[in-house]
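Q: Could we go through this model together, beginning with the sheet and then moving to the cores and hairpins?

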Amino acid sequence: MSEIIKVGMADWKVCAGDDGLTTLGLGSCVGVAIRDPKSGIGGLAHVMLPDSTQTASNTNRAKFADTGITDMVAEMVKRGANISNMVAKLAGGAQMFAFGSTKSDMGRVGERNAAACMAKLKELKIKVIASDTGENYGRTVIFYPKTGVYTIKAVGRPEKEI
């Protein structure tokens, strides 16, 4: 019997087999889905912020692209995945609100989150094979590591798979 495991905000989870992973309400946050197609082990991280070194309160490592992705990949390897087989898909990173200037870092948090996730994956040599980031709308996602299907739902838009 398969299970859909909920991933909270600033959290990540790893699973295998027929189980899936879901996270709700990706606005400026990014849902980073990584899998090893050979082992069927995968993970989903709900990344809130780009860089743990820029925040005084950084005790929740899952909150940040630089530490959350690293920790999730380490857990996947611990469970039998091979980092050299891993591929990734990203969703989210929207600009949800218009603050005066979109040139300020505050107004570009979604864009910065997506860029930080891409940079960390590049550093880990994990190829990004699909993404649905940016725009100005929130997303809810479901990821199935066994098959690699990453379903994206958004209000007023057709459901899609990447």
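A: The answers below describe a predicted model.

Q: What is the strand order of the open sheet, and how is it paired?
A: Five strands make up the open sheet, arranged β2-β5-β4-β6-β7, and the pairing is mixed.

Q: Which strands stand at the edges?
A: The edges are taken by β2 (11-15) and β7 (127-133). Each has a single partner strand, so one side of each lacks a neighbour in the sheet.

Q: By how much are neighbouring strands turned against each other?
A: The average is 15°, with direction ignored.

Q: What packs on the sheet?
A: Helix α2 (residues 109-123) does, touching β4 (30-36), β5, β6 (87-92) and β7. The direction of α2 makes about 20° with that of β4.

Q: Could you take me through the strand pairings?
A: β2 and β5 (residues 41-47) are antiparallel, with five bridges; Lys13 has Leu44 of β5 as its bridge partner. β4 and β6 are also paired in the antiparallel sense, over six bridges, and Ala33 stands opposite Lys89 in β6. β6 and β7, by contrast, pair in the parallel sense over six bridges, with Ala91 opposite Asp132 in β7.

Q: Is β6 mostly covered or uncovered?
A: β6 is mostly covered, six of its six residues being buried.

Q: Turning to the interior, which residues of the largest nonpolar core touch the most other members?
A: They are Val32, Ile34, Ile69, Met76, Cys117 and Leu121, in a core of 21 residues. At least two residues each are supplied by β4, β5, α1 (65-78), β6 and α2.

Q: Which element supplies the largest share?
A: That is α1, with five residues.

Q: What does Ile69 contact, leaving aside its neighbours within four places in sequence?
A: Ile69 is in contact with Val32, Ile34, Val47, Phe64, Cys117, Lys120, Leu121 and Leu124.

Q: What about a second core?
A: A second, separate core has 15 residues, among them Val7, Cys29, Ala91 and Phe143.

Q: Back to α1: which of its residues are buried, and what do they pack against?
A: The buried residues are Ala65, Thr67, Gly68, Ile69, Met72, Val73, Glu75 and Met76. They pack against β2, β4, β5 and α2.

Q: What span should α1 have, and how far apart are its end C-alpha atoms?
A: With 14 residues at 1.5 Å a residue, α1 should span 20 Å; the end C-alpha atoms are 20 Å apart, which agrees. Just after this helix, Gly80 takes a positive phi of about 115°.

Q: How many aromatic pairs does the structure hold?
A: The structure holds one aromatic pair. Phe143 and Tyr150 form it in an edge-to-face arrangement, 5.6 Å centre to centre and with 80° between the planes.

Q: Are Phe143 and Tyr150 buried or exposed?
A: Phe143 and Tyr150 are both buried.

Q: Finally, how do β8 and β9 pair?
A: β8 (residues 139-144) and β9 (residues 149-153) pair in the antiparallel sense over five bridges, and Thr140 stands opposite Lys153 in β9. Their hairpin has four residues between the strands, and Gly148 in that hairpin takes a positive phi near 85°.

Q: And what joins β9 to β10?
A: Two bridges join β9 to β10 (residues 160-161), and these strands run antiparallel. The bridge partner of Thr151 in β10 is Glu161. β9 and β10 form a hairpin with six residues between them, and Gly156 in the turn has a positive phi of about 75°.

How values were computed: Residues numbered from 1 in each chain as written. Predicted model: local features only at pLDDT ≥ 70, side-chain atom pairs only at ≥ 80, totals over all residues. Heavy atoms only, no water. Pairing = 2+ DSSP bridges. Axes fitted to C-alpha atoms, helices over the stretch in contact; angles between N-to-C directions. Contact = heavy atoms within 4.5 Å. Core = buried A, V, L, I, M, F, W, Y, C linked by side-chain atoms within 4.5 Å. Buried < 20%, exposed > 50% of the residue type's maximum accessible area, 1.4 Å probe, protein only. Expected span 1.5 Å × (residues − 1). Phe/Tyr/Trp six-rings, centres within 6.5 Å; stacked < 30°, edge-to-face > 60°.
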